[in-house]
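Me: I have a new structure to go through for class. Can you walk me through it?

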Amino acid sequence: MQKDYQQLISSVRGRINPDNFALKKAFSEELSTISYSQVLIYIRLAMKGVEPEYTQKSKDAGERVKEHLSIELENVEFRYQGSVMTNTHIRGYSDIDLLTISDKFYSYDVNNIQQLLASSERRSKYYRSSIEKLEKEVNTSPYLGNSIQDLRDLRINSENVLNRIYSVCDTSKPKAIKIKNLNLNREVDIVIANWYDDISSIINNKGDYRGIQIFNKTTDSKENPDYPFLSIKRINERSSETNGRLKKMIRFLKNSKANSNQDIDLNSFEINAICYDINPSKYESLSFYELVPVIYNQMKEIATDDSKANNLVSVDGREYIFRHKQSKKDNLRILLAEIEAIFVDLKRTLV
């Protein structure tokens, strides 16, 4: 049965443009050329980015928090993470993650680096310059302070600052403080963390390759490392090289998931990986509606080819998305069914 595209269009419009701002002239004109087909209108809207006015408000709310914390905190750096930084968010009222990173110390993957340096076989796979960087890292004087106490203090001090300034400030969550800027009508998650380096980070001179470890207030410990900055960099670069097509595919999958009547357990991290894995040569010159079969074929291949699924990695290249995760494969098939239905309706429209 054909989907109710009028309802889907209304749903996407309400999500990406809840205040019903006037659409940019060029985009309105583009929609007018496909007004004969609700399927095409839905696909185009589902691939569209959130209106810039909304995204700017999210960024402004983050900057206000950063300004307040900068005045009272010492030895910290600030960075942002999340889909707002790649413009692949699909909600006008999207919140933003502000990382508040202690620069009093950093951690690194001690065991793996020492094992590599002790193995002639593993050393032979790296350039001499890379080995020298790793040797320099392990020979650096260790931090003699108490890193957990540093993170604990940073969390407490951040809570104290934000509680004084924001009337809506939730400090109960283990991994983030959530405030709401009532003037801008935006929420900001303030995440306490420290820098973390693995082999890849060190041999690539750190920068966007660096990871972070988030402080968990409840367990009073550091979480496993994440590497958000390399993913942001790669998605932005790949999408720029393909004239925005990568981000269109990511938003289309996210909106299709959001519009489903089923609860699909695939997050942004996994959806990004599915789309980023597609060779740009398959889509770099295609029209927006021609991206639908590209996405469909990619998902179908992952769903039916175990080798493909098991070897698909995250955008930063550090994590397998579907290997040993049958539940994720099952959820991929649910989302595939949603995309297949749209693909079939699209083919009927284009006949």
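Me: Let's start with a strand pair. Which residue stands opposite Asn-194 in E6?
Reply: That is Gln-213. Keep in mind that this is a predicted model.

Me: How do E5 and E6 run, and how many bridges join them?
Reply: They run antiparallel, and four bridges join them. E6 covers residues 211-216.

Me: What about E2 and E5, parallel or antiparallel?
Reply: Parallel. E2 is residues 96-108, and 10 bridges join this strand to E5. One partnership there puts Asp-97 across from Asp-189 in E5.

Me: Which residue of E4 stands opposite Asp-189?
Reply: Lys-178 does. So Asp-189 has Asp-97 as a bridge partner, and Lys-178 stands opposite Asp-189 as well.

Me: How many bridges does E4 make with E5?
Reply: Five, and the two strands run antiparallel. E4 spans residues 177-181.

Me: What do E4 and E5 form, and how many residues lie between them?
Reply: They form a hairpin with four residues between them. In the turn, Asn-185 has a positive phi of about 55°.

Me: Is E5 mostly covered or mostly open?
Reply: Mostly covered. Of its 12 residues, 11 are buried.

Me: Where do side chains point in a strand, generally?
Reply: In a regular strand they alternate between the two faces of the sheet.

Me: New topic: rings. How many aromatic pairs are there?
Reply: Six. One of them is Trp-195 with Phe-229, a tilted pair. Their centres are 5.7 Å apart, with 55° between the planes.

Me: Which elements does that pair tie together?
Reply: Trp-195 lies in strand E5 (residues 186-197), and Phe-229 lies in helix H10 (residues 228-241). The pair therefore ties together parts that are 34 residues apart in sequence.

Me: Trp-195 and Phe-229: buried or exposed?
Reply: Trp-195 is buried, at 4% relative accessibility. Phe-229 is buried too, at 3%. The cut-off for buried is under 20%.

Me: Now Tyr-296 and Phe-343. Why does that pair count as tilted?
Reply: Because their planes sit at 40°. Tilted covers the angles left over once planes under 30 degrees apart count as stacked and those over 60 as edge-to-face. The ring centres are 4.8 Å apart.

Me: Where do those two rings lie?
Reply: Tyr-296 is in helix H13 (residues 291-304), and Phe-343 is in helix H15 (residues 326-350). So this pair ties together parts that are 47 residues apart in sequence. Tyr-296 is buried at 8%, and Phe-343 is buried at 13%.

Me: Which ring does Arg-44 lie over?
Reply: The ring of Phe-288, at 5.8 Å from the ring centre.

Me: And Lys-48, which ring is under its charged end?
Reply: Phe-27, with the charged end 5.0 Å from the ring's centre.

Me: Switching again. How many cavities of 30 Å³ or more turn up?
Reply: One. The largest cavity has a volume of about 30 Å³.

Me: Which residues line the largest cavity?
Reply: Lys-3, Leu-8, Tyr-42, Ser-256, Asn-259, Glu-338 and Ile-342. Helix H11 (245-259) and H15 each supply at least two residues of that lining.

Me: Last one. What does UniProt put at residues 234-339?
Reply: An unreviewed UniProt entry annotates "domain: cGAS/DncV-like nucleotidyltransferase C-terminal helical" there. In this model the span is 62% helix and 0% strand. Its end C-alpha atoms lie 25 Å apart.

Methods: Residues numbered from 1 in each chain as written. Predicted model: local features only at pLDDT ≥ 70, side-chain atom pairs only at ≥ 80, totals over all residues. Heavy atoms only, no water. Phe/Tyr/Trp six-rings, centres within 6.5 Å; stacked < 30°, edge-to-face > 60°. Buried < 20%, exposed > 50% of the residue type's maximum accessible area, 1.4 Å probe, protein only. Lys NZ or Arg CZ within 6 Å of the ring centre and 35° of its normal. UniProt positions renumbered as here; feature names shortened; annotations may be inferred. Pairing = 2+ DSSP bridges. 1 Å grid on protein atoms, 1.4 Å probe; cavity = no way out; pocket = protein on both sides within 12 Å on 5 of 7 lines; lining within 4 Å. Points joined across faces, edges and corners; volume = space filled by probe spheres on them.
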